[in-house]
Each structure stands twice: as C-alpha cells, then as structure tokens.
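Subject: Model for your files

Hello,

Here is the model I said I would pass on, with notes on what turned up in it. Please look through it before you read the notes.

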2 protein chains.
Amino acid sequence: MTTGQGLRERKKERTRQALITAALELFEERGYDETTIAGIAAGADVSTRTFFSYFPSKEEILFADTEERLALAFEVIDGRRPDEQPADVLVRAMSAVFDRAGHFSREFVRAAPVRLRMIFAVPAVQGVALRRLLSAQQRLARRLHAAFPDRLDAVEAAALVGALVGAVTNTMMTVAGESDGIEELLTGDPERFLVELRRAVEIAVRGAAGPGAQPIRRFSRTRPPSHQSR
Amino acid sequence: MTTGQGLRERKKERTRQALITAALELFEERGYDETTIAGIAAGADVSTRTFFSYFPSKEEILFADTEERLALAFEVIDGRRPDEQPADVLVRAMSAVFDRAGHFSREFVRAAPVRLRMIFAVPAVQGVALRRLLSAQQRLARRLHAAFPDRLDAVEAAALVGALVGAVTNTMMTVAGESDGIEELLTGDPERFLVELRRAVEIAVRGAAGPGAQPIRRFSRTRPPSHQSR
DNA sequence: TGCTTTGTTTCATTCGCTGCAATTTTGTGC
DNA sequence: GCACAAAATTGCAGCGAATGAAACAAAGCA
C-alpha cells in the first residue's frame, strides 16, 4: 500500500496522507470544532472540494485506518482451527485487534491517541465511532456464523459478538473515562488497561451471572393485561 | 406532565408536541433527509429559530421520549431486593425497558416505529442512537455499581452491563435487519422478537462459552518483542 | 504528439446551526 | 384592569458542512 503503481496512484496516496496529517495536527493544535475542512485542505495544499473526494466528512478522517484493523479480526475468525470453540476464536480475534503485540501501522499509532481524545470530547465523532462499532459487530457476527455454520445460528452469533464487544467496549470507556484514564492508556504501559479488558472478556465468556448461578433466567415473564397508560 | 402549571408551560408543551408530531409526519411522508427543519417548524406553526429552543438538532427530536424509558430501568436497579443477584436485577431492568407489558407513553408508541426505521436508514440518526446507547450503558453501570457496592467494582459493573446490552442490541439489530424484521417487530405480535431477546440475554448471562466450557480463557497472552511494523 | 481518462478546482447552492437584537406574549404586583 | 418584569419568539446575519456542475490541469497511452 505504501508503493502505488503509477504516478497517479502514488500522488493520490500522498494527498491522502497529507490530508490525514494536516487534520491530526490541526485537531491537536486548535481542537476539533475549531478546525475547518477548509483549513485541513489548506494544510494539505488542496482545495476544499478535493477533501470531499477523499473523505466524506470531517469525522471519517479520524477513522482512516480502522478497516485494516478489523481485517485482522476477520483473519482470525476465517482461519479458525476446526476444533476450537466459537468463544475462543472470538477472544483471539479481539486480542488481535487490541493487542500491542500485533502489527500497528504508522497511521494507527499516529491516529489512535487523537481519535480516542476526540471520541471522549466531540459528540459528532462519538456518533461515527459508535456507528462503526455497531457495523463491525454485525460483520463479525456474520463472519462468526459462517465459520461455525452448524454450531451457531445467526442470532446466537450476534448475541455472542454483542456480549463480548459490549463488555469490552463499555469497560474500555469506563477505564478511559476515569481521570488520567486516557493518558495512562495512551502514554504509559498498557498493562492495566489490558488487565481490565481481560476481566471484561472473562465476564462475557463465563457469563454475567458468575460461576455459582442458577442455570436459567427469566426475561419478561410477567405480562399483565393492562396496556398503554398515560 | 400532561397538565402544566400556567399558560406558559402548557403552551410550551403544546408547541413541543406540535413539533414532534409535525416532524414524525414529515419523516414518514417524504423521508428524513428530505425533511428540513424549516419544514418541521412550518408544520408546527413556529419559526425555524424556535425549533432550536426545543431540540438541539433534527435527530434528537426522534428521541424525545427515551429518557423516561431509561428511568424505568433505573427504578428496577435502585429498588432491587437485597438478596438478588446483580445479573438478575439487570435482566429485570432490561425487561422493564422492552417489555410490552410495561407502560408505553403515547409519545413512545408513536415515535418508536419511525425511530427504528430511521435508525436503519439514516446514518445521522444512527449516530445519535448509538451515542445515547453508550451513555445509557455508562449510567446503568454506575447505577448497578451503586446498588451492589460490595459485590461489583466499577469495571465489573461496566462489563456486565456491556455484555448484556451488547448482546441484546446486536441481536435486536440482527433480527430487525432481516427482511420483514422491522415490520414484523412493529406491527405484529412481538413474540418472536422477545424470544430472540431472551436467547440473547441467556447467552450473556450464562456466558458466551456455553455450559460445558473450560473455566478460564486467555486474552492476549502472546507478546513477542517485535513492535511496530510497516 | 495528440487523445482520453482522471483528478482538481472554482463557483453556486442548500441546509444545519448559532448569536444577537428587536418584538411579542405571559405572569405578577399594584 | 394596568403597568412592568420575565420569558418566549422572531428575523436576520453569518459560519461551516456538504453536494452538484462545469471548467481546467495532469497523467497515461496510442
């Protein structure tokens, strides 16, 4: 991806990178809302209109690299060993996405901290982040279902992915939302962060009820005839 | 809430309802993107500017009623019986939000179908929906932590809520995303839908790994020295 | 060297959203 | 009832995001 074929593609890639770089710099420098698309375009030495032929919105430029990371998870799922449990495969897939030991592109290392800060500060970015998250869940579920066609139906796969991703996401937000959470996460050793994630995964895998719980729970058993108040 | 104190408040409430009604009608009639705020305001016989003193954006008008539904879940959590399991309380809370047996305001009955359709069709609405969802998870987790101060720490509560909400949400999206999913969900008997939700809750409560699984899973055990490729 | 394709620019336009000052409407003390 | 304070509403001016169309420049190819 670094070396394109012709001059045309290489130039396009350079423009793309210039836009990303300019945007991240401006976001950090003056803040997200204070950065205009015109400013980003100017920083990359292109016209405002050109920006929109690379990214559909100001928000999306923050997520320029997420697709390839999701692909890591897909790889794990597609390459599952025949004797593995669905939950195990999913845990490995999550690990592939978050683990520092994996391959981080330069793009990711540069963008991730800014992105996280923006997700916590800017509603518009939150919207995009969460939309991507949900779409990723759906795709993971489809993939998982395809990988275990006779052990999981579509809904089970969705529930499984949802439980795992939900636990991890909410844990991540909680940990990162604490004072110093983001800084600790971004600058220092990610160990504590990974420890919490492991706990979250464990809860999701072993069940919210914990080990000594009764086998089955009820959901909306009650159904009185009363309807529609107010 | 139906009867305000003075003329002022009653008029305000009437204007608010007029805006909601006009918006829902227009959304259904010509579609979300085709509906302008100016059009909504005109439908409610107020100025465009006035719209913004009631709702901060076009999206939020679709979620005018969600806060009170979340309050139902809070009630359940706050009023837990002392001997209950956290997971059980959470399941009951979810049930209170989704179950048809509960109290549906007129607002909700009117808005929910349109809202669901828009969530599936309009990215901007997805963004708001998911932002609200995550914020709700955080608040639920805080509340749950407060309800079980010595059985759950903050991160466990977050993971638990995340797992349950994640499973339910993703299941809901999957079921509703099927052809006829939304229609079946909205018009007919919600039974099949609730059945699937119950399965999702069960998976989240009993654990993604299923009953016969090994007790503990690993998460990102591997950590080779290689760092930062590409 | 010309022709085609593709990327870029400029321009105009629509819409979401905000701040501000003027105006109207409502509540209240007299 | 009446005047005055508080609050809601309005119009307007303006910024920025986003899109469409046509002119223009550059790259690839014969």
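Tyr54(B) places a polar side-chain atom 3.1 Å from a phosphate oxygen of DNA strand D. This is a predicted model, so please read the distances below as computed from it. Lys12(B) also approaches the backbone of the strand, with a polar side-chain atom 3.5 Å from a phosphate oxygen of DNA strand D. From chain A, Lys58(A) has a side-chain N or O atom 3.4 Å from a phosphate oxygen of DNA strand D.

The elements contributing two or more residues to the surface near this strand are α1 and α3 (48-54) in chain A, and α1 (7-30) and α3 (48-51) in chain B. In total, 19 residues surround DNA strand D, and the closest are Leu7(A), Arg8(A), Arg49(A), Ser47(B) and Thr50(B). By class, the surface near DNA strand D has seven charged, seven polar and five nonpolar residues. On the DNA side, sugar or phosphate accounts for 61% of the atoms of strand D within 4 Å of the protein, and bases account for the rest.

Next, the domains of chain A. Domain 1 covers 4-55 and domain 2 covers 61-209. Their contact draws on 13 residues of domain 1 and eleven residues of domain 2. The two domains of chain A bury about 1100 Å² between them, and 73% of that area is on carbon and sulfur atoms. Leu24(A), Glu28(A) and Tyr32(A) provide 49% of the area that domain 1 buries against domain 2, more than any other three residues.

What is the count of salt bridges between domain 1 and domain 2 of chain A? The count is zero. One residue pair is in polar contact across this interface, with both residues at pLDDT 80 or more. Helix α1 (residues 7-30) of chain A gives nine residues to the side of domain 1 that touches domain 2, the largest share. That side of domain 1 is made up of eight nonpolar, four charged and one polar residues.

Over all chains, the count comes to 16 salt bridges. One of the pairs is Asp65(A) with Arg115(A), whose side chains meet at 2.7 Å, N to O. Asp65(A) sits in the loop between α3 and α4 (66-78) of chain A and Arg115(A) in helix α6 (residues 106-121), so this pair ties together parts of the chain that are 50 residues apart in sequence.

Regards

Conventions. Residues numbered from 1 in each chain as written. Chains lettered and ligands numbered in written order. Predicted model: local features only at pLDDT ≥ 70, side-chain atom pairs only at ≥ 80, totals over all residues. Heavy atoms only, no water. Domains from an automatic or database assignment. Contact = heavy atoms within 4.5 Å. Buried area = accessible area lost by both parts, 1.4 Å probe. Salt bridge = Lys/Arg side-chain N within 4 Å of Asp/Glu carboxyl O. Polar contact = N/O pair within 3.5 Å; in protein donor to acceptor, adjacent residues only side chain to side chain. Helix = DSSP H or I, 4+ residues; strand = E, 2+ residues; numbered from the N terminus. Nonpolar A, V, L, I, M, F, W, Y, C, P; charged D, E, K, R; others polar. Near = heavy atom within 4 Å.
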